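Please open the structure in your viewer and keep the selection tool at hand. The tour below goes from stop to stop, saying what to select and what is there.

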Amino acid sequence: MLLKLHDFSHSVWGPLFATMVQNFWLTCVCFLLFAYFMLKLGKLFFTPLEMERKLHEIGYLSDGRRSLKDIANEIQKRRKCGDIPPVYPNGWFHVLASRELAVGDVKYISVLGEQLAVFRGTNGVAYIVNAYCPHLGANLGIGGQVVGNCIQCPFHGWVYRGEDGKCVKIPYSEKIPDFAQTKAWPCIEKNSTIYIWYHAEGIEPTWTPDDIEEIENGTWTYRGYTQHTINAHIEEIPENGSDISHLDHLHSSPIISGSDLRYSFSNWWQFAKHNWFAKWNPLDDEKHVGCLKLSHTISVLGYVIPFTALHMTARQTGPGLVFMKWSCVFGDGIFLHSVTPKEPLLQCMRHSLYASWTVPTIVAKILLYGEAMQVERDIMIWNHKTFVSKPLLVKEDRLINKHRRWYSQFFSENSPRLLMKKETLDW
């Protein structure tokens, strides 16, 4: 005869069954916690670091009453810009990472004061054209379709060739006017990056970005990127490479002191120090290149920690690209540093890291994060400073003027200048 449920619950099997159920759920909870922990641990040690900071997130201080965005707006309006150089220099600029644009993809971007559509044709080649269709102004980057190696307007279906911007099809017209064309921008793809050429005089490229063979052949692999938006003139950012004197002051405090300058100079952090040795010079045989040699160590209580030695050679190539090769005890790699103007005083700065297989991912992430923390100290300066066209310098600052003379080659007669200040940071 079958046992009744009441009898079962009061038998010896009842408590045993309840214990088994409790143990089952406890095991499930423990397994899920363990799986979550292992997932986070795997992400920490084996996945690239990818970090993006918005404009108001870095370099502005809260007053406890207003949002950081409102504070950034007010500072932007009251800050003196100074007698700034032209806002868009001539040269190659970072547009997108190659992995951000798959075959058949179309992206709308705004850089160098231009509205552009970037797409990858079925042949795998990336193209850049003006975003606005010359027919009736529709945005090719919003709803446009890739047709072969062309882009089709979402409004009336006009088709433009990526190579030269020529209209090759109007669905409802048998004849295509010879003047039916949009602007196609010179672009190149190398180092897993899509670059655009900008020149105020319409001159074709006179040089190209460096070829990083180790990236192309896979010797160095992708380890992540950081991206920051900065409220400053573009020249103020690469000028840091020649401003040797600021390294031992602004960047000497250890990374753990953070990027907030109110606290990073505290005496609490004097037990440890970043030590820098740097030298910058323009190259005679490559006029568009300046070379920065940089060595770095960390000392604690006056003793240099051996494995913290980092040796870097940075090729500042044109107005907005820096190729910084480095070597350390774990191996070698490169920072791909780029600054791309979105608007006159709005820069998008990106650091992408590639490293040899001998460099553990966690070490690469520490290097990339450390670079970001140091840069964020500069951003707090850049977001609030004015451009001094005739700075008061001492002889130890002579490289700054040398850098400015070198950088001036990237401006030409028709290089755009800032005509009025923008009254808000709602770009």
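Select R65 to begin: in this predicted model, R65 has a relative accessible area of 68% and therefore counts as exposed, since the cut-off for that word is over 50%. Add D63 to the selection, and you have a salt bridge between D63 and R65 in which the closest N and O atoms are 3.3 Å apart. D63 itself is partly exposed, at 30% relative accessible area, and D63 also forms a salt bridge with R66, where the closest N and O atoms are 2.8 Å apart. R66 is likewise partly exposed, with a relative accessible area of 31%.

Next, select D211 and K190, whose side chains meet in a salt bridge of 2.8 Å, N to O. This pair links distant parts of the chain, because D211 sits in the loop between β12 and α4 (213–216) while K190 belongs to strand β11 (residues 187–190), 21 residues apart. D211 counts as exposed at 57% relative accessibility, whereas K190, at 10%, counts as buried. Returning to the first stop and adding E74, you can see D63, R65, R66 and E74 joined into one network by salt bridges that share partners. A search of the whole structure finds 13 salt bridges.

Now turn to the aromatic rings, which form 12 pairs. Select W185 and Y198, a stacked pair with 6.4 Å from centre to centre and 10 degrees between the planes. W185 lies in strand β10 (residues 184–185) and Y198 in strand β12 (residues 193–198), so that the pair links parts of the chain that are 13 residues apart. Both W185 and Y198 are buried. With W185 still selected, add K183, which lies over the face of W185 at 3.7 Å from the ring centre; in a similar search, R99 can be found over the face of Y222, at 3.8 Å from the ring centre.

For a cluster of rings, select W280, W406, Y407, F410 and F411, which are linked by ring pairs.

Then highlight residues 93–196, where UniProt, in an unreviewed entry, places the feature "domain: Rieske". The end C-alpha atoms of this span lie 5 Å apart, and the span is 0% helix and 43% strand.

Finish at helix α2 (residues 13–46), which contains L44. L44 is partly exposed, with a relative accessible area of 38%, and joins F34, F37, M38, L41, F45 and F46 in making a nonpolar surface patch of about 710 Å².

Key
Residues numbered from 1 in each chain as written. Predicted model: local features only at pLDDT ≥ 70, side-chain atom pairs only at ≥ 80, totals over all residues. Heavy atoms only, no water. Patch = residues over 30% accessible without salt bridge, like charges linked within 9 Å, V, L, I, M, F, W, Y side chains within 5 Å. Areas by Shrake-Rupley, 256 points an atom, 1.4 Å probe, with all protein chains shown as cover. Salt bridge = Lys/Arg side-chain N within 4 Å of Asp/Glu carboxyl O. Helix = DSSP H or I, 4+ residues; strand = E, 2+ residues; numbered from the N terminus. Buried < 20%, exposed > 50% of the residue type's maximum accessible area, 1.4 Å probe, protein only. UniProt positions renumbered as here; feature names shortened; annotations may be inferred. Phe/Tyr/Trp six-rings, centres within 6.5 Å; stacked < 30°, edge-to-face > 60°. Lys NZ or Arg CZ within 6 Å of the ring centre and 35° of its normal.
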